[in-house]
Amino acid sequence: MSFPEDSKVALLLNTNNEWDTSIIRQHFTSLEAETILRIPLPRVEKEDHLIWHYEKRGEYTVKSGYQVALGLNFPDSLSSSSNFTGWLKLNVDAAVYKSNNKAGIGAVIKNSDGKLTAAAVKTTSYKGDVEIAEAEAIIFGVEVALEARLSPIIIESNSLNIVNMVNKKLHSSSEVCWLISDIQDTLVKNEKFVVSHIPGSCNVVAHNLAKCAFDFDKTMVWLEKIPNSILCICS
């Protein structure tokens, strides 16, 4: 590497706030480059801060430092539903296929009577952490809702950690923090969007949609004419 010791992450970004692939591949090994390129970036500029990659929350602990020193490798409901009478429900989930380094994302929106209002799927690269895919699922679902001008909405995810981070009940300094920040910024701008946790057994439709995302070669959003195959999944 030829960067000065006090270099910032911004040196590795292009003018669109995306990773500059050519610079990264020029200065890092193939393995290092692929690891860097999997790290999600915020959609707007944020201050740099240090993270401890070897601990899931990104914060150094004596225990994790000791483990690294030894050369060990480790693999990686709302309180009052009556306040939300008449709200739409947006369920999101991700399905990960590590073998092909891909993640499928599914989002389904139903009205307060349970009638299907919208459904959407997309595929994205798997960035080495399921929680990143779960956070990306929330972002995708919110984008669909905003584009369709649907609100107010309860956003439901079965990823407890991500929901707690979004609601500031849990802190993380790991790579997923930028996505959490993006979600929080969106919630501030859209007061009638709230995020809630549900068990996986109550999120089967979104998960099945996420799995079927691999059947399409592009992002698909259905608002009116919804195919029978998608209706069957959402029923």
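Two strands pair if DSSP finds at least two bridges between them. The model used in these exercises is predicted.

**Exercise 1.** Find which strands pair with β1, and in which direction each runs.

*Solution.* Start with the span of strand β1, which is residues 88-97. Next, take strand β2, residues 102-110: nine bridges join it to β1, and the two run antiparallel. Within this pairing, A94 stands opposite I105 of β2. Then take strand β4, residues 153-157: four bridges connect it with β1, and these two run parallel. Here L88 has I153 as its bridge partner.

**Exercise 2.** Describe the hairpin of β1 and β2.

*Solution.* Four residues lie between the two strands. One residue to note is N101, which takes a positive phi near 60°.

**Exercise 3.** Decide whether β1 is largely enclosed by the rest of the structure, or not.

*Solution.* A residue is buried when its relative accessible area is under 20%. Seven of the 10 residues of β1 are buried, so the strand is largely enclosed by the rest of the structure.

**Exercise 4.** Classify the aromatic pair of Y97 and F214, and say where its residues lie.

*Solution.* The structure holds two aromatic pairs. In the pair of Y97 and F214, the ring centres are 4.6 Å apart and the planes stand at 80°. An angle over 60 degrees counts as edge-to-face, so the pair of Y97 and F214 is edge-to-face. Y97 belongs to strand β1, while F214 sits in the loop between α7 (204-212) and β6 (220-222). The two are 117 residues apart, and the pair links distant parts of the chain. Y97 is partly exposed, at 36% relative accessible area; F214 is also partly exposed, at 28%.

Conventions
Residues are numbered from 1 along each chain as its sequence is written. This is a predicted model: local features need pLDDT of at least 70, side-chain atom pairs count only at pLDDT 80 or more; totals for chains, interfaces and linings use all residues. Side-chain values use heavy atoms; hydrogens and water are left out. Buried means under 20% relative accessible area, exposed over 50%, partly exposed in between (1.4 Å probe, protein chains only). Rings of Phe, Tyr and Trp (its six-membered ring) pair if their centres lie within 6.5 Å; planes under 30 degrees apart count as stacked, over 60 as edge-to-face and the rest as tilted.
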